[in-house]
Amino acid sequence: MLAKRILPCLDVKAGRVVKGVNFVDLRDAGDPVELAQVYNEAGADELVFLDITASHEDRGIIFDVVHRTAEQVFIPLTVGGGIRDLDTIKELLRAGADKVSINSSAVSDPDFINRASERFGNQCIVVAIDARRRSSHQSDQTDPEQTHQTGSEIWGWDVYVRGGRQNTGLDAVQWAQEVVQRGAGEILLTSMDADGTQAGYDLELTRRIAETVEVPVIASGGAGTCEHIRQALTEGRAEAALLASLLHYGQLSVAEIKTYLGQHQIPVRS
């Protein structure tokens, strides 16, 4: 079994790291460059930097923050938010990013995934999927093979874009399959229902997608304890766990998480 990865996530707005609950009520969590240094030294396996309002505000990503962050870390850095063209990807890779994460632009132009993967290689193309559970009254048009049935209720997960503000109507499981076919080398999967709650990952969502695709799935949204992380990596079948508020506010450290996982026979990088 490959070693599982622990990835701190830096959600950045106006040059500061922020964290909210269910994508709203954002609180300041610090300077991105300083936090990146801390996590680099603490043993994080990779870092994810997301400019969370770039798509909503229809502007480019903050290249200077990316560059300053990349200068301070010596682990892989994934950058996302407001990436709409191949030139932006090229500039981000030049600024020090190792991978890029695309979401809204992938939905609006799925061929963008193909073009990006063909030009830069699928190893550096991550497609982010922000998913929210679909209520029963929304399920009339859903493919029954992509949903779960409990009694008379049928539900699945819808894909959201523009920082969680817009429901695309796409089924998350079907979309995950499509992005991989188009060249995504990794999926960053966030449960909007669980995001920031610290009540645990959406294990069913994570497992459904991880079992459906042949690329690594990063579980995101809901970590509150080491046990939640263990569950995402085992029951959820994720290859990596993304963490934000749990680390930003000092509730757990990367070392504590890795020690716990090691004690439960889950391989991690030292």
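In the predicted model, Leu7 stands opposite Leu242 of strand 14, a pairing that belongs to the contact between strand 1 (residues 5–13) and strand 14, which run in the parallel sense over 4 bridges. Strand 14 also pairs with strand 13 (residues 217–220), again in the parallel sense, here over 2 bridges, and within this pairing Ala219 stands opposite Ala241. Strand 13 and strand 14 are further related through helix 8 (residues 226–234), with which they make a right-handed β-α-β unit.

In a regular strand, side chains alternate between the two faces of the sheet. In strand 14 (residues 240–243), Ala240 and Leu242 point one way whereas Ala241 and Leu243 point the other way, and all four residues are buried.

Helix 6 (residues 172–182) contributes a further set of buried residues, namely Ala172, Val173, Trp175, Ala176 and Val179. Viewed down the helix axis, the buried residues of helix 6 fall within an arc of 160°, and they therefore line one face of the helix. The N-terminal end of helix 6 is capped by Asp171, a side-chain oxygen of which lies 3.1 Å from the backbone nitrogen of Val173, while the helix is followed by Gly183, a residue with a positive phi near 125°.

As regards cysteines, the structure holds 0 disulfides. Cys9 has a relative accessibility of 3% and therefore counts as buried, the cut-off being under 20%; Cys226, at 12% relative accessibility, likewise counts as buried.

Note on methods
Residues are numbered from 1 along each chain as its sequence is written. This is a predicted model: local features need pLDDT of at least 70, side-chain atom pairs count only at pLDDT 80 or more; totals for chains, interfaces and linings use all residues. Side-chain values use heavy atoms; hydrogens and water are left out. Buried means under 20% relative accessible area, exposed over 50%, partly exposed in between (1.4 Å probe, protein chains only). The arc is that of the directions from the helix axis to the C-beta atoms. A polar contact is a pair of N or O atoms within 3.5 Å; within protein, one must be able to donate a hydrogen and the other to accept it, and residues adjacent in sequence count only if both atoms are side-chain atoms. A disulfide is a pair of cysteine sulfur atoms within 2.5 Å. Two strands pair if DSSP finds at least two bridges between them. A crossover is right-handed if, with the strands pointing away from the viewer, the path from the first strand over the helix to the second runs clockwise.
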